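Q: Please take a close look at one part of this model and follow it outward into its surroundings. I am new to this structure, so a connected account would help.

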Amino acid sequence: QVQLVESGGGLVQAGGSLRLSCAASGRIFTVGAMGWYRQAPGKQRELVADSTSGFSTQYADSVKGRFTISRDNAKNTVYLQMDSLKPADTAVYYCPAARITTPRGPVFGSWGQGTQVTVSS
């Protein structure tokens, strides 16, 4: 069984920083594209950043220059370094993986349980 587990969320003042981690666990051969989405109360889930297994990245315009996505393929882990945080960044942050290759075959569209990020003004 494959799981994605996020960590690193919390409460921070505006202008502060947090680093989120998302680790894929289980019997895994490879993990394809991984990323971060967020969902604020009353809003739709939106893409924050993603990274292919080849380290190509893309970011939402609202976080460019402030957030950095990175990954460690050996650890099947993706990170999100969030700097210069704003109250508008308050949301639950989720980590999806597009495709996880396991001994039983590929698993598509896995999501973590989410981690809360709250930025106070």
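A loop residue and the sheet around it

A: Asn 76 is buried, with a relative accessible area of 16%, where buried means under 20%, exposed means over 50% and partly exposed lies in between (1.4 Å probe, protein chains only). This is a predicted model, in which local features need pLDDT of at least 70 and side-chain atom pairs count only at pLDDT 80 or more, while totals for chains, interfaces and linings use all residues. Residues are numbered from 1 along each chain as its sequence is written, and side-chain values use heavy atoms, with hydrogens and water left out.

Asn 76 sits in the loop between strand 8 and strand 9, strands being DSSP runs (E, at least two residues) numbered from the N terminus. Although Asn 76 is not a glycine, its phi is positive, at about 50 degrees. Ser 84, found in the loop between strand 9 and strand 10, likewise has a positive phi near 50 degrees without being a glycine. Ser 84, however, is partly exposed, its relative accessible area being 42%.

The two strands that flank Asn 76 belong to an open sheet of four strands, which follow the order 1-3-9-8 with antiparallel pairing; strands pair if DSSP finds at least two bridges between them. At the edges of this sheet stand strand 1 (3–7) and strand 8 (67–72), each of which pairs on one side only. Strand 9 (residues 77–82) also pairs with strand 3 (residues 18–25), in the antiparallel sense and over six bridges. Within that pairing, Leu 18 has Met 82 of strand 9 as its bridge partner.

Met 82 leads from the sheet towards the interior. Among residues more than four places away in sequence, Met 82 touches Gly 16, Ser 17, Leu 18, Leu 20, Arg 66, Phe 67, Tyr 93 and Val 117, where contact means heavy atoms within 4.5 Å. Met 82 is also one of the residues with the most contacts inside the largest nonpolar core, which has 29 residues; the others named there are Met 34, Trp 36, Val 48, Phe 67, Leu 80 and Tyr 93. Such a core is a set of buried Ala, Val, Leu, Ile, Met, Phe, Trp, Tyr and Cys residues joined through side-chain atoms within 4.5 Å. Among the elements that give two or more residues to this core are strand 3, strand 5, strand 6 (46–51), strand 8 and strand 9. The greatest contribution comes from strand 3, with four residues.

Strand 11 (96–102) and strand 13 also give two or more residues to the core. Because five of its seven residues are buried, strand 11 is largely enclosed by the rest of the structure. Strand 11 pairs antiparallel with strand 4 (residues 30–31) over two bridges, and there Thr 30 stands opposite Thr 101. On strand 12 (residues 105–111), which runs antiparallel to strand 11 and is joined to it by six bridges, the partner of Thr 101 is Pro 106. The link between strand 11 and strand 12 is a hairpin through two residues.

In strand 13 (residues 115–120) lies Thr 115, which counts as buried at 11% relative accessibility. Leaving out residues up to four places away in sequence, Thr 115 touches Glu 6, Ser 7, Gly 8, Gly 9, Leu 20, Ala 91, Val 92 and Tyr 93.

The loop that holds Ser 84 also brings in charged side chains. Arg 38 and Asp 89 meet in a salt bridge at 2.9 Å, N to O, the term standing for a side-chain nitrogen of Lys or Arg within 4 Å of a carboxyl oxygen of Asp or Glu. Arg 38 lies in strand 5 (residues 34–39) and Asp 89 in the loop between strand 9 and strand 10 (91–94), so the pair ties together parts that are 51 residues apart in sequence. Arg 38 and Asp 89 are both buried. Through shared partners, salt bridges join Arg 38, Glu 46, Arg 66 and Asp 89 into one network. Within this network, Arg 38 meets Glu 46 at 2.7 Å, N to O; Arg 38 has a relative accessible area of 6%, whereas Glu 46 is partly exposed at 36%. The whole structure holds four salt bridges, and one of them links Asp 61 with Lys 64, with the closest N and O atoms 3.1 Å apart. Asp 61 is exposed, with a relative accessible area of 64%.
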